[in-house]
Amino acid sequence: MAAKGRIPQYFIDDLLSRVDIVDVINRRVPLKKTGKNYSARCPFHEEKTPSFSVNPDKQFYYCFGCGAGGNAVGFIMDYERQDFPSAVDNLAHIAGLEVPREDLSPQQQVKQERRKTIYDLMEQVSAYYQKQLRVDPQSQRAIDYLKRRGLSGRIARDFNIGFAPPGWDNLLKTFGDTDEHKQQLIDAGMLIEKEDGKLYDRFRDRIMFPIRDNRGRVIAFGGRVLGDDKPKYLNSPETDIFQKGKELYGLYHARQNNRHLEQLLVVEGYMDVVALAQHGIMTGIATLGTASNTEHLRTAFRYASELIFCFDGDAAGRKAAERALENALPVMEDGRRIRFLFLPEGDDPDSVVNRDGPAGFQKLLAGAAPLERYFFESLHEQTNPDTLEGKARLSKLALPRLQLLPDGVFRQLMLDSLATRTGLSRQSIDQLLNDTEATATQDQVAKPAPPEQRRSTTQKLTAKLPGSRRDPLLFALAMLLYNPRAATTSAAHIGDKEASPAAALLNNTITLLKKRPESSTAMLLGHWYGQPEYDVMTEALKTIELLGTELNDEKAEAAFADTLAHLEAQKSTQILRDHVDKLREGNEVDKTASADYAELSEADKQQLLAIQQLLKQKHRL
């Protein structure tokens, strides 16, 4: 008999059409009517002024402060910390409906069981490592190391710290009793397969730190070496359940200890996170073998309104801070705060908190530099703002970075500060910024078309958006998300779907809507929830919210069609230019024209004529 469990899509769509997201959210977070929408202080991060908006017409919510967004099911999942089936059950109970379950295909059963098995396996492996820390004869070295670092047995237990004994096949012998189990260990990244087919444990003679996702499931491990092996810290490879570019070590523990986080500390490694927690500072998080990226920061800002980066004061720390600054600028929405703390050379959060205690560390945190101060101080080190040449260079270095900031009060204040430091007027700074944005976005949808081809609806809408949000693919996706019916008149494929996540998602959404033309905004959000594409969907939600009352179904449909025409024109132009590049070496265009011209189709004749015209223009340049 086929396994049951999957909730059919038709039921989810029907459920979303029956419940009102305003009622769902208002039962948990008091909403206030503001224009056509409702607003509140966001339940997912601390804020003093409301930036959380609920759209009753399109049945979605979006927070300008932390970027959270979705439909009623997604809200229940995030607010109640429930998995998808539980959230659907919750809403179905409100609507008085019974949740049906459908049979899974054999392929779906295999995939579902495989992922579930890997999660279960990782929990068992974590328990195994914890046990070895207590019972293995070699574990005393690990215990002594943890004690030297000031960690207690309690904090080791709270973070499920364990020990991978020396040896090449401890895990293999314990869990790899069948070929199927061996493959599961390989899929989970716990075994390495050599070219000759032999297997061995990835982690050996290391202190083990389980890495948990936001639901608390073990998805990977980090291991700190005890001997002389390299590297000193080793992470699991990326797997079906672990993408290191999105996960943050310690975030689950921080959320478990404080539902309403105000601040998170971005530190370098596992030991820093655990050492801070040992001293009662339960807000440390760390990236996993990679520099903090924009995706990491968006994730962190979903749970706290302030981030403090803690870096060593040496050259490597300064370099890491520069990378962090570049990644932080695009997520600096109004209401968010980022600060930079540089510790004395040779120190890290672990050593400071053990030497000076939590009070001493908190004193250092109080002196952390706000982003705006660090931003300009780091540029001053590369310029001499006391000279005219230095002021010009400061402006040249600062403007492309300030362009990354989201539109808002903070961006305007940063531009004011640049004007003061250079002695230029704000009008001059704005003109320079517009020139910078025009250069960087010359192919975007906001670039004015020739007068005879201008479409006022699209231009009026994009004029309301900051330059950083005028990407035509994201704009088209936002228009389609607002009015899904627009897909009925569109082409099936837009541009190169490999070019960007937005391109792929736009193509896939159009295809989905042609199969399910009755889909609503809330249904589309539900379809992509929990998948990597959902982050792009929430970016599109922000575009919709930025347009506010300027947008309606008719305008969205017109703007969507215009943007597709713009993308198609870009694609055609590029094809012609590619032809020109291939033909420019010889006289091949003329040969083709005189050879079998009569046998060409009208479309080919038109394309050939366009190529010849482009080639003539190229020769005249």
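Colleague: Is Lys173 buried or exposed, and what is its relative accessible area?

Modeller: This is a predicted model, in which local features need pLDDT of at least 70 and side-chain atom pairs count only at pLDDT 80 or more, while totals for chains, interfaces and linings use all residues. Residues are numbered from 1 along each chain as its sequence is written, and side-chain values use heavy atoms, with hydrogens and water left out. With a 1.4 Å probe and protein chains only, buried means under 20% relative accessible area, exposed over 50%, and partly exposed in between. Lys173 is therefore exposed, its relative accessible area being 59%.

Colleague: Which residue meets Lys173 in a salt bridge?

Modeller: A salt bridge here is a side-chain nitrogen of Lys or Arg within 4 Å of a carboxyl oxygen of Asp or Glu. The partner is partly exposed, with a relative accessible area of 31%. At 3.9 Å from N to O, the residue that meets Lys173 is Asp169.

Colleague: How many residues apart in sequence are the parts that Asp553 and Lys58 tie together?

Modeller: The closest N and O atoms of this salt bridge are 2.7 Å apart. Helices (H or I, at least four residues) and strands (E, at least two) are DSSP runs, numbered from the N terminus. Because Asp553 lies in helix H24 (residues 553–583) and Lys58 in the loop between strand E4 (52–55) and strand E5 (60–63), the pair ties together parts whose separation in sequence is 495 residues.

Colleague: Which residues do salt bridges with shared partners join into one network?

Modeller: Besides its salt bridge with Lys58, Asp553 meets Arg485 at 3.6 Å, N to O. Arg485 lies in the loop between helix H20 (472–482) and helix H21 (501–515), so its pairing with Asp553 ties together parts that are 68 residues apart in sequence. The network is made of Lys58, Arg485 and Asp553.

Colleague: Which helices each supply at least two residues of the lining of the largest cavity?

Modeller: On a 1 Å grid over the protein atoms alone, a cavity is a set of points where a 1.4 Å probe fits but cannot get out, and lining residues have an atom within 4 Å of a point. Grid points are joined across faces, edges and corners, and a volume is the space filled by probe spheres set on the points. The largest cavity holds about 40 Å³ of space, and its lining includes Phe159, His253 and Val273. The helices in question are H10 (251–257) and H11 (270–278).

Methods. On a 1 Å grid over the protein atoms alone, a cavity is a set of points where a 1.4 Å probe fits but cannot get out, and a pocket is an open set with protein on both sides within 12 Å along at least five of seven lines; lining residues have an atom within 4 Å of a point.
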